[in-house]
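Me: Could you pick one part of this chain and take me through it slowly? I'm new to this, so please keep it informal and tell me how the surroundings fit in.

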Amino acid sequence: STAVVIVILIFTGTVVDSYASRNSSKSEDMGRVPQSLLAFSLTKNLKQLMKSSRRNSPLGAVNGVRCLSLLWIVLAHTYGFGHRQGLARLGHAKTYMDDIFFQIITNSWVSVDTFFMIGGLLVATSNLKIMESTGGKLNYFSRLLHRIWRLIPPLAATVGVMFILPMIGSGPLWADMAGQKVLNCEKRWWQVFLPVNTWVDFSSMCLLHTWYVASDVHFYCLAPIALGVLYR
């Protein structure tokens, strides 16, 4: 299964990384090891996650906002997409709304807005620097194409997973949970690669969460207007 493959990659990457760190003199041989394998190293990734060094950047706080927003979104979706047959004691759900801490869930609809804010901040910061050095000139069309080109590979990989999803899962609730999602992607997979997912019917969307990608592209297309105003 997929989990077994991932475990094997993690184990292999960790062993290879450990061997390389202990035998640094054999760097020529280790240079032949693909970096994609070392990317699964458990020790290497833990060092990166636990690293506490700071960068002297005025936008350093953005990483913290992004991390907190990501955790907020995951927490909210854990509640929002809970399967109805897996819920118990629904009578107690009425009292949840009165809990002040549960307001984190009920008001999570604005959590994604922080990513729009971060995206706009980074777009403005990077492009205004270019405009200042070029006297206000900016080849924004090429930058837009570059952004779309960066989005295509992960989108294609995700769509590909949907096509093989029926072969890697099973169970009494599998068809109920994944059946319609797979069917939507088989019929409308092409909509994922066009920024139209915010304009189609909710129930027929392929990869429901890609509405954000479409909205991000829309904002990026409108960014030159805001950049022109800010530069002047």
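Reply: Let's start with a bit of vocabulary: helices here are DSSP runs of H or I with at least four residues, strands are runs of E with at least two, and both are numbered from the N terminus. Counted that way, the chain has 11 helices and 0 strands, so reading from the N terminus you meet α-α-α-α-α-α-α-α-α-α-α. Keep in mind that this is a predicted model.

The part I'd pick is helix 10, which covers residues 174-188 and holds Asn 184. Is Asn 184 buried or exposed? Its relative accessibility is 6%, and because buried means under 20%, Asn 184 counts as buried. For the whole chain of 232 residues, the buried share is 22%.

Now look at who Asn 184 meets. Leaving out residues up to four places away in sequence, Asn 184 touches Trp 189, Ser 203, Ser 204, Met 205 and Cys 206. With Met 205 there's a polar detail as well: a polar atom of the Asn 184 side chain lies 3.4 Å from the backbone oxygen of Met 205.

One of those neighbours, Cys 206, takes us to the largest nonpolar core. This core has 10 residues, including Val 182, Cys 185, Cys 206 and Leu 207. Helix 9 (140-164) and helix 10 are the elements that give it two or more residues. Zoom in on Val 182 and you'll find that, again leaving out residues up to four places away in sequence, it touches Met 162, Leu 165 and Pro 166. A separate core of 8 residues lies apart from this one, with Val 123, Leu 144, Tyr 220 and Leu 227 among its members.

Another neighbour of Asn 184 was Trp 189, and that's our way into the aromatic rings. You describe a pair of rings by how far apart the centres are and by the angle between the planes. How many aromatic pairs turn up in the whole structure? The search finds 6. Take Phe 116 and Trp 211: their ring centres are 6.3 Å apart and their planes sit at 65°, so this pair is edge-to-face. Phe 116 belongs to helix 8 (residues 113-133) and Trp 211 to helix 11 (residues 211-231), so the pair links parts of the chain 95 residues apart. Back at Trp 189, the ring pairs with Phe 193, with centres 6.1 Å apart and planes at 75°, so this pair is edge-to-face too.

Unlike buried Asn 184, Trp 189 is partly exposed at 41% relative accessible area. Phe 193 is also partly exposed, at 31%, and Trp 211 gets that label at 32%. Ring pairs also join Phe 116, Trp 211, Tyr 212 and Phe 219 into a cluster.

Let's stay with helix 8 for a last stop, the second largest pocket. Its volume is about 330 Å³, and 15 residues line it, with Gly 119, Leu 122, Val 123, Arg 147 and Arg 150 nearest the centre. Helix 8, helix 9 and helix 11 each supply at least two lining residues, and helix 8 gives the most, with 7. You met Val 123 earlier, in the core of 8 residues.

To zoom right out: among contacts in the chain with a separation of 6 or more, 60% are between residues 24 or more positions apart.

Conventions
Residues numbered from 1 in each chain as written. Predicted model: local features only at pLDDT ≥ 70, side-chain atom pairs only at ≥ 80, totals over all residues. Heavy atoms only, no water. Buried < 20%, exposed > 50% of the residue type's maximum accessible area, 1.4 Å probe, protein only. Polar contact = N/O pair within 3.5 Å; in protein donor to acceptor, adjacent residues only side chain to side chain. Contact = heavy atoms within 4.5 Å. Core = buried A, V, L, I, M, F, W, Y, C linked by side-chain atoms within 4.5 Å. Phe/Tyr/Trp six-rings, centres within 6.5 Å; stacked < 30°, edge-to-face > 60°. 1 Å grid on protein atoms, 1.4 Å probe; cavity = no way out; pocket = protein on both sides within 12 Å on 5 of 7 lines; lining within 4 Å. Points joined across faces, edges and corners; volume = space filled by probe spheres on them.
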